[in-house]
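Here are some notes for you to read alongside the model. I hope they help as you look through it.

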Amino acid sequence: MQLELNFNQGKHVVVSLSGGMDSSTLLLKCIKEFETVTALSFDYGQKHRVELERAQQLVDYLWSKDYKIEYRVIKLDGLVDLLNSALVQGGNDVPEGHYAEENMKATVVPNRNKIFASITQAVALSIADKTGEMCDIAMGIHAGDHAIYPDCRQEFRDADDYAFRIGNWVLKM
């Protein structure tokens, strides 16, 4: 697991929270580093619902410990029958094997991290606009997944960051 923690050290952060190990660890880091934390989970019709359950359990636990986290589950269920992936409801059976094996390409959810990044970026921009202060963006993308998942590659993340900055007047973040 590799977490990029190159925060600009603003007061606010938006975390993309899948409920998996990477994003959950990142959320815990963020509640220590930022004054306000907004966590977003995405329901896109995934078969593996346990991650959404774990995300909610983590947020509930943090709320019980008086950590003030704004949490939303963004429903993208209108995509489920449009996405060709074994990981979404209605897709083929999920293949068995190591995630780097060729058959595991069936588990790619097309542009999943980009979809999540776009929404996370939009929320961060809105928070920055409302507060007049910088808002960081945090995504726990597993660096080891790049062999199968193209939107986990560093080149993709760099290009997405560049597109975000030039598309939103955010050249000095």
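The points below go from the strands to the cores, then to the aromatic rings and a residue after a helix.

1. A word on the source before anything else: this is a predicted model. Please read each distance, angle and accessibility below as a value computed from that prediction.

2. Let's begin with β1 and β2. These two strands run parallel and are joined by 5 bridges. If you want one pair to find on screen, take S16, whose bridge partner in β2 is L40. Between the two strands the chain passes through α1, and this β-α-β crossover is right-handed.

3. On to β2 and β3, which pair in the parallel sense over 7 bridges. A handy example is T38, which has E70 in β3 as its bridge partner. Here the chain crosses from β2 to β3 by way of α2, again as a β-α-β unit, and this crossover is right-handed.

4. How many residues of β2 are buried? The count is 7 of its 8 residues, so I would call the strand mostly covered, taking buried as under 20% relative accessible area. In a regular strand the side chains alternate between the two faces of the sheet.

5. Next, the nonpolar cores. The largest of them has 17 residues, and those with the most contacts inside it are V13, V15, L17, L27, C30, V37 and I69. Two or more residues come from each of β1 (12-16), α1 (21-33), β2, α2 and β3 (69-75). In soluble globular proteins, nonpolar side chains tend to be buried together.

6. L27 is a good residue to centre your view on. Which residues does L27 touch, once its neighbours within four places in sequence are left aside? They are V15, L17, V37, A39, L58, L62 and I69. Separate from the largest core is a second core, made up of 13 residues, with V14, L40, V80 and V88 among them. You have met L40 already, as the bridge partner of S16.

7. Now the rings. Searching the whole structure gives 2 aromatic pairs. One of them is F42 with F116, a stacked pair with 4.3 Å from centre to centre and 10° between the planes. This pair links distant parts of the chain, as F42 sits in strand β2 (residues 36-43) and F116 in helix α3 (residues 112-131), 74 residues apart. F42 and F116 are both buried.

8. Y44 also pairs with F116, this time in a tilted arrangement: 5.7 Å centre to centre, with 50° between the planes. Because Y44 lies in the loop between β2 and α2 (50-64) while F116 is in helix α3, the pair ties together parts that are 72 residues apart in sequence. Are Y44 and F116 buried or exposed? Y44 has 7% relative accessibility and so counts as buried; F116, at 5%, counts as buried too. Through these ring pairs, F42, Y44 and F116 are linked into a cluster.

9. Finally, have a look at N168, in the segment after α4 (154-167). With a relative accessibility of 29%, N168 counts as partly exposed, because that class lies between the 20% and 50% limits. A polar atom of the N168 side chain lies 2.9 Å from the backbone oxygen of F164. N168 is also 9.6 Å from Q121, C-alpha to C-alpha, with their positions 47 residues apart in sequence.

Technical notes:
Residues numbered from 1 in each chain as written. Predicted model: local features only at pLDDT ≥ 70, side-chain atom pairs only at ≥ 80, totals over all residues. Heavy atoms only, no water. Helix = DSSP H or I, 4+ residues; strand = E, 2+ residues; numbered from the N terminus. Buried < 20%, exposed > 50% of the residue type's maximum accessible area, 1.4 Å probe, protein only. Polar contact = N/O pair within 3.5 Å; in protein donor to acceptor, adjacent residues only side chain to side chain. Phe/Tyr/Trp six-rings, centres within 6.5 Å; stacked < 30°, edge-to-face > 60°. Core = buried A, V, L, I, M, F, W, Y, C linked by side-chain atoms within 4.5 Å. Contact = heavy atoms within 4.5 Å. Pairing = 2+ DSSP bridges. Right-handed = clockwise from strand over helix to strand, strands pointing away.
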